[in-house]
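Got your viewer open and a selection box ready? Load the model below and follow along, one selection at a time.

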Amino acid sequence: MPEEQRIGSILLADCGTVTTKAVLLDRVDGEYHFIACGEVPTTAEFPWADVSIGIRQAVEAITEITGRRLFDASGNLICPERAGQEGVDIFAATISASQPLQVVLSGLVRDLSVASGERAAAGTYSLVKTILAADGRDGVLSEEERVRRIRDAAPDVICIVGGTDGGAATPVLEFVEAAALACALIEDGNTRPRILFAGNSRLRERVASLLDGQIELRVADNVRPTLTEESVYGAQAELDALYVSEKMGRLPGVDTVSGWSPVPLAPTARAFGRLVHYLWYLGDSSRGVLGVDVGGANTVVAAAFGGQLHTTVRSDLGTAFGIERFLQQ
């Protein structure tokens, strides 16, 4: 049998809203050790508009510390590692520099389906701009008012929840009709929001028929299949995928960074949650693990207990943006 390929050196990068960090790990006597790190301002915005530049700069700091060359003269990552301590065996990166998804949340009962929709959004880089609830504190909204609020919010996603499986139908479909009308009124050339339907699962075909293929529809498990059950992970996964494709995937320079890595780039919150879950797996299964990551624009809280991972992302709280609100809360 061929000898199993061993990963020796590992280069990791995290591109945040304010800073970009790079860390070099290497195998020493069969164990991985921290070797060096570099940190620079993130280069997603003007005048660089290229996140790969910040990663190269952070890696240059590692080269200055260690003398180890990681990029060639053309600016390409040297991978796999070469003799003479050049390059690395593997590179992986996490990203949180993108703006969060702008979400409009529509649902029936504020303390049931809408609350479940909020928890689904809270596990991703999403910012709920407007909530439209049939039993809302603003009273019963007309279709015209619903359409106006959706257009004013200019969302990336309209998330529609409500109705237990086999339950309410008409009020849920009214939210779909208002969302479709708001999307239809957006001028040509402007991006229309996606619609994520995570309500009464028996209405999926009727929802698709109402949208008639004119608006991109994504479907997830009902966030509130019964009055006493909650299932947010399907909607959370769809929102996370939209963030990756519509926000993270459109960062300038992200294609270059993706080309360096054999694994897909991951949102920082998702990677942090996996780390917390792994720490729980390594420890006492009867106890939980809590992790908090306070970044420049986002704060992530991840908790693992009972084998389940629960993640909350606050895209409005950070040390650089929203610091006053962060200290208050």
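What follows is a short walk through backbone oddities, a hairpin, two pockets and some ring contacts. Keep in mind that this is a predicted model.

**Stop 1: the cis bonds**

As a rule, most peptide bonds are trans. Now select Phe46 and Pro47: the bond joining them is cis, with omega at about 10°. You'll find Pro47 in the loop that runs between β3 (31-41) and α1 (51-66). Next, pick Cys79 and Pro80, where the peptide bond is also cis and omega is near 10°. Pro80 sits in the loop between α1 and β4 (90-95).

**Stop 2: positive phi**

Most residues other than glycine have a negative phi. Which way does Asp29 go, positive or negative? Its phi is positive, near 55°. Zoom out a little and you'll see Asp29 in the loop between β2 (19-28) and β3. Turn on a surface here: Asp29 is exposed, with a relative accessible area of 79%.

Then jump to Ala154, which has a positive phi of about 45° without being a glycine. Ala154 belongs to the loop between α3 (143-153) and β7 (157-160). Buried or exposed, this Ala154? Exposed, at a relative accessible area of 55%.

**Stop 3: a hairpin**

Select residues 289-294 and 299-305, that is, strands β11 and β12: they run antiparallel and are joined by 6 bridges. The hairpin gets from β11 to β12 through 4 residues. At Val294, look straight across to Thr299 in β12, which stands opposite. Keep β11 on screen, as the next stop comes back to this strand.

**Stop 4: the largest pocket**

Where should you centre the view for the largest pocket? Select Asp14, Thr94, Thr268, Phe272 and Asp293, which lie nearest its centre among the 24 lining residues. The elements giving two or more residues to that lining are β2, α8 (268-282) and β11. Colour α8 by itself, since you'll want to see the largest share of the lining: 6 residues come from this helix. The space in the largest pocket is about 570 Å³. Colour the lining by class and you get 10 nonpolar, 10 polar and 4 charged residues.

**Stop 5: the second largest pocket**

Now select Leu12, Ala13, Ala92, Ala93 and Thr94, which lie nearest the centre of the second largest pocket; its lining has 19 residues. This pocket holds about 360 Å³ of space. Which elements each supply at least two residues of the lining? They are β1 (10-15), β2, β4 and α8. With 5 residues, β4 gives the most. Leave the class colouring on: this lining divides into 15 nonpolar, 1 polar and 3 charged residues.

**Stop 6: rings**

How many aromatic pairs does the structure hold? There are 3 of them. For one, select Phe71 and Trp260: the rings are edge-to-face, 5.1 Å centre to centre, with 65° between the planes. This pair links distant parts of the chain, 189 residues apart, with Phe71 in the loop between α1 and β4 and Trp260 in helix α7 (residues 254-260). You may need to clip the surface to see them, as Phe71 and Trp260 are both buried. Add Phe91 to the selection and you have the cluster that ring pairs make of Phe71, Phe91 and Trp260.

Last selection: Arg146 and Phe175. The charged end of Arg146 sits over the ring of Phe175, 4.1 Å from the ring centre.

How values were computed:
Residues numbered from 1 in each chain as written. Predicted model: local features only at pLDDT ≥ 70, side-chain atom pairs only at ≥ 80, totals over all residues. Heavy atoms only, no water. Buried < 20%, exposed > 50% of the residue type's maximum accessible area, 1.4 Å probe, protein only. Pairing = 2+ DSSP bridges. 1 Å grid on protein atoms, 1.4 Å probe; cavity = no way out; pocket = protein on both sides within 12 Å on 5 of 7 lines; lining within 4 Å. Points joined across faces, edges and corners; volume = space filled by probe spheres on them. Nonpolar A, V, L, I, M, F, W, Y, C, P; charged D, E, K, R; others polar. Phe/Tyr/Trp six-rings, centres within 6.5 Å; stacked < 30°, edge-to-face > 60°. Lys NZ or Arg CZ within 6 Å of the ring centre and 35° of its normal.
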